Amino acid sequence: MRAVVWQGRRRVEVQDVPDPVLREPNDAIVRITSTGICGSDLHLYEVMAPFMEPGDILGHEPIGIVEEVGAAVTNLSVGDRVVIPFNIACGHCFMCDQGLQSQCETTQVHEHGTGAALFGYTKLYGQVPGAQAEALRVPHADFGPIKVPEGPADDRFVYLSDVLPTAWQAVRYADVSPGGSVAVLGLGPIGDMSCRVALQLGASTVIGLDVVPERVERARDRGVNAIDISDLTDKDTIEQVRVATGGRGPDAVIDAVGMEAHGAPLGKLAHQMTAMLPNSIAEKLMQRAGVDRLAALHLAFELVRRGGTISVVGVYGGMTDPLPMMTLFDKQIQLRMGQANVRRWVDDILPLLSGDDDPLGVDGFATHRMPLAEAPHAYDMFQKKQDGSVKVLLKP
Ligand SMILES: NC(=O)c1ccc[n+]([C@@H]2O[C@H](COP(=O)([O-])OP(=O)(O)OC[C@H]3O[C@@H](n4cnc5c(N)ncnc54)[C@H](O)[C@@H]3O)[C@@H](O)[C@H]2O)c1
Ligand SMILES: [Zn+2]
Ligand SMILES: [Zn+2]
């Protein structure tokens, strides 16, 4: 089959790889019909290179058709239309029972001390072959896959794999109450969808901040008070957000930017260093040194009102990033974060995908739909935020 394969920093190729086969009784093989490119893939594309190996198949946002099931998979039949959550979870361990599927104790990657295995996401998360491919082997298919109805285009359901539950969790963890206020840093797919979910769940003030004018415009079209902060100092940004929130700051801030924030020169230098070092040393630097670009997170600490909540949904990876503990303590900030527990939120979201009204605007969410073969161009375009790209769906 054809698959998108990581070959080196900023180099992905579409290559022939062996077809996936059933290996465990609870595996399934799914033929992929649409598969997203995520901001998380951009971390692998460049800064997480030390944890990648040439030949790794990327991708974790698929929808497709079940082609084969193992003997223990009784919940799926050949021909079912399914979305596959990006985290691989067993559905019956202590963590899964708490709705913490991203911490599944059956699939945790003990070698690296990390949480549940993820599709297409580095050695740290099990080096599981990913979903930007014609077909995917799905471990724990007796729990993970979400059956969805025939009829609507893939766009309607594909975001259940990641974007929708991730944004949903970001908003729920932000603890935004009806009538409350939230600022969302970053208006990529995750931040954009977080704004939509916050509005849907009744927030009265939703402020979105980004440095890419098209993304700001896109959020504004959905009723978000969106601000282009590319030419603003942090002081001016904080001032504008205060003015929009009764002088106090929002009840909650969602950081949907993560480790590659613009405007963090020291972190940027560290990222460039990791790129120049041999993998073994760069790996240690990433794990032991603070290499995250923390501009957005620091801004979140400043923006949120006293006693408010910060929900970090952007991915961070440094181990000794310095934090302003005095500000966090003095402002009595509540901090929540983590990979989305995809399965935890699916039943809450599905009703919003079943009618014709499409309240979250998923049908028009993708800015680009491209053949799998164009993945190298798609990655380049999405990383550089060219051609108005926000969400790219690849069609194997
Ligand atoms: N927690 C999870 O389960 C989960 C799931 C999916 C994605 N993510 C993470 O969410 C983050 C966003 O993903 P995405 O797909 O939306 O990707 P993205 O890279 O397209 O979005 C990031 C956005 O942040 C903006 N930005 C950069 N610096 C900024 C700053 N200083 N202030 C404000 N905005 C800034 C960028 O212009 C961009 O629009 C990534 O870190 C990704 O890894 C987490
Ligand atoms: Zn993703
Ligand atoms: Zn589990």
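Here are some numbered notes to help you find your way around this predicted model.

1. Start with the domains. The domain assignment splits the chain into domain 1 (2–162 + 341–395) and domain 2 (164–337). Their C-alpha centres sit 24 Å apart, and the contact between them takes 25 residues from domain 1 and 29 residues from domain 2.

2. Now look at the face that domain 1 turns towards domain 2. Helix 1 and helix 12 (342–349) are the elements that give two or more residues to that side, and helix 12 gives the most, with five residues. Sorted by class, this side of domain 1 has 14 nonpolar, six polar and five charged residues.

3. Helix 12 is worth a second look. Its buried residues are V342, R343, R344, W345 and I349, so don't overlook the two arginines, R343 and R344, on that list. For partners, the buried residues of helix 12 pack against helix 4 and helix 13 (351–354).

4. Next, ligand 1. Where does ligand 1 lie with respect to domain 1 and domain 2? Both domains give residues to the shell around ligand 1, so it lies between them. That shell holds 32 residues, and the closest to the ligand are G39, S40, G186, G188 and G258.

5. Which elements build the shell around ligand 1? Helix 1 (39–45), helix 5, strand 9 and helix 10 (295–303) each supply at least two residues. Helix 1 makes the largest contribution to the shell, four residues. If you care about chemistry, the shell residues divide into 17 nonpolar, 12 polar and three charged. Helix 1 is a handy landmark here, since we met it already among the elements on the side of domain 1 that touches domain 2.

6. Then there's the core. The largest nonpolar core has 121 residues, and V30, V182, L185 and I254 have the most contacts inside it. Helix 4 (residues 163–174) gives the most to this core, with eight residues. The core draws at least three residues from each of domain 1 and domain 2.

7. For a close-up of that core, try I254. Leaving out residues up to four places away in sequence, I254 touches A170, A174, V182, V184, L185, S194, S311 and V313. Two of these, V182 and L185, are listed with I254 among the residues with the most contacts inside the core.

8. A28 makes a good second close-up. A28 lies in strand 3 (residues 28–37). Is A28 buried or exposed? With 27 C-beta neighbours inside 10 Å, A28 counts as buried, because 20 or more are needed for that. Not counting residues up to four places away in sequence, A28 touches V66, E68, V69, G70, V73, L76, V138, A141 and P145. As for Y159, that residue is 131 residues away from A28 in sequence and 20 Å away in space, C-alpha to C-alpha.

9. Last stop: helix 6 (residues 213–220). Here R215, V216, R218 and A219 are buried. They cover an arc of only 160 degrees around the axis, which puts them on the same side of helix 6. What covers these buried residues includes helix 5 (189–200), strand 9 (205–210) and strand 10 (225–228). Helix 5 and strand 9 should look familiar, as both also supply residues of the shell around ligand 1.

Note on methods. Residues numbered from 1 in each chain as written. Chains lettered and ligands numbered in written order. Predicted model: local features only at pLDDT ≥ 70, side-chain atom pairs only at ≥ 80, totals over all residues. Buried ≥ 20, exposed ≤ 12 C-beta atoms within 10 Å, placed from the backbone. Arc of directions from axis to C-beta. Contact = placed C-beta atoms within 7 Å. Near = placed C-beta within 6 Å. Nonpolar A, V, L, I, M, F, W, Y, C, P; charged D, E, K, R; others polar. Domains from an automatic or database assignment. Core = buried A, V, L, I, M, F, W, Y, C linked by C-beta atoms within 7 Å.
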